Amino acid sequence: MRVGLGTGSTVAFLLDALAGREFDIRCVATSVRTEERARELGIPVEPFDTLDRLDLAIDGADQISPDGWLVKGGGAAHTREKIVAAAADRFVVIASSDKPVDRLRPPVPLELMGFGLQATLTAIGRAELRGVPPSPDGGVIADYTGRVDDPQALAAYFDATPGILEHGLFSPTLVYEILVGRGDRVQRLVPSS
Ligand code: A5P
């Protein structure tokens, strides 16, 4: 299988679980730290420039709404994470029980072009630079701090705003299933069915 590996503390458990098993997999990573950790564990990782589709991608989330919208990017990897999720036949989210929320709330991570940065921040109005290093693709990491009343409308606004390279709102249409760990049990949510 061709497998996309997400980023974050939850995915770290996944990498540990994959390590040492006799899987016939080709992996791509959504961040440098996932790539480095996977290699340390002996999991094969290759650049995402020759594979055009993935069978499966597995990643965490910062927030999960009741209707399956995700906020991602707490680790600033949301741009690569969304590309990998969109390329996968099945995008599976793994999360601890604190991630499902009644309503999505700020911050919503953004990745912005450096060119015209102040103009883009002024246009958005409610956004703050995060003060972390740029993404591996050169984007500036910021957070939208306004309300998240309608995720679909807000995602469309971000998509239509010049200077925003990507945002951390992931549509339920991207998601195959969400697995939430609750003690010894796993709750399975299928948002798009
Ligand atoms: C990385 O940019 C994020 O999208 C992570 O996938 C998300 O923040 C979940 O991370 P944790 O598993 O560490 O909570």
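This is a dialogue on reading the fold, the ligand site and two backbone features of a predicted model.

Student: Where should I begin with the chain as a whole, and how many helices and strands does the protein chain have?

Tutor: Begin with the secondary structure, which in this predicted model comes to 5 helices and 13 strands. The radius of gyration of the protein chain is 16 Å, close to the 16 Å that the globule rule gives for 193 residues, so the chain is as compact as a globular protein of that length. Along the principal axes, the C-alpha atoms fill a box of roughly 50 × 35 × 25 Å.

Student: Turning to the ligand, which residues come nearest?

Tutor: There are 16 residues around the ligand, and of these Ser-9, Thr-10, Asp-62, Glu-81 and Lys-99 come nearest. By residue class, the shell divides into 8 polar, 5 charged and 3 nonpolar residues.

Student: Which polar contacts should I look at, and what are their distances?

Tutor: A polar contact is read here as a pair of N or O atoms within 3.5 Å. In the side chain of Ser-9, an N or O atom is 2.5 Å from an oxygen atom of the ligand. Backbone atoms take part as well: a polar backbone atom of Ala-76 is 3.3 Å from a ligand oxygen, while for Ala-77 a backbone N or O atom lies 2.9 Å from an oxygen atom of the ligand. As for the surface, the ligand taken alone exposes 380 Å², of which the protein buries 90%.

Student: What kind of space does the ligand take?

Tutor: The ligand takes the space of a pocket, which is the second largest.

Student: How should I read the backbone geometry, and where does it depart from what most residues show?

Tutor: Most peptide bonds are trans, and most residues other than glycine have a negative phi. In this model, Ala-76, whose backbone was mentioned above in its contact with the ligand, has a positive phi of about 70° although it is not a glycine. Ala-76 lies in the loop between strand E5 (70–71) and helix H3 (78–87).

Student: And which peptide bond is cis?

Tutor: The bond from Pro-106 to Pro-107 is cis, with omega near 5°, and Pro-107 is found in the loop that runs between strand E6 (88–96) and strand E7 (108–112).

Note on methods:
Residues numbered from 1 in each chain as written. Predicted model: local features only at pLDDT ≥ 70, side-chain atom pairs only at ≥ 80, totals over all residues. Heavy atoms only, no water. Near = heavy atom within 4 Å. Polar contact = N/O pair within 3.5 Å; in protein donor to acceptor, adjacent residues only side chain to side chain. Areas by Shrake-Rupley, 256 points an atom, 1.4 Å probe, with all protein chains shown as cover. 1 Å grid on protein atoms, 1.4 Å probe; cavity = no way out; pocket = protein on both sides within 12 Å on 5 of 7 lines; lining within 4 Å. Sits in = over half its atoms within 2 Å of the grid points. Nonpolar A, V, L, I, M, F, W, Y, C, P; charged D, E, K, R; others polar. Helix = DSSP H or I, 4+ residues; strand = E, 2+ residues; numbered from the N terminus. Rg over C-alpha atoms; globule rule 2.2 N^0.38 Å.
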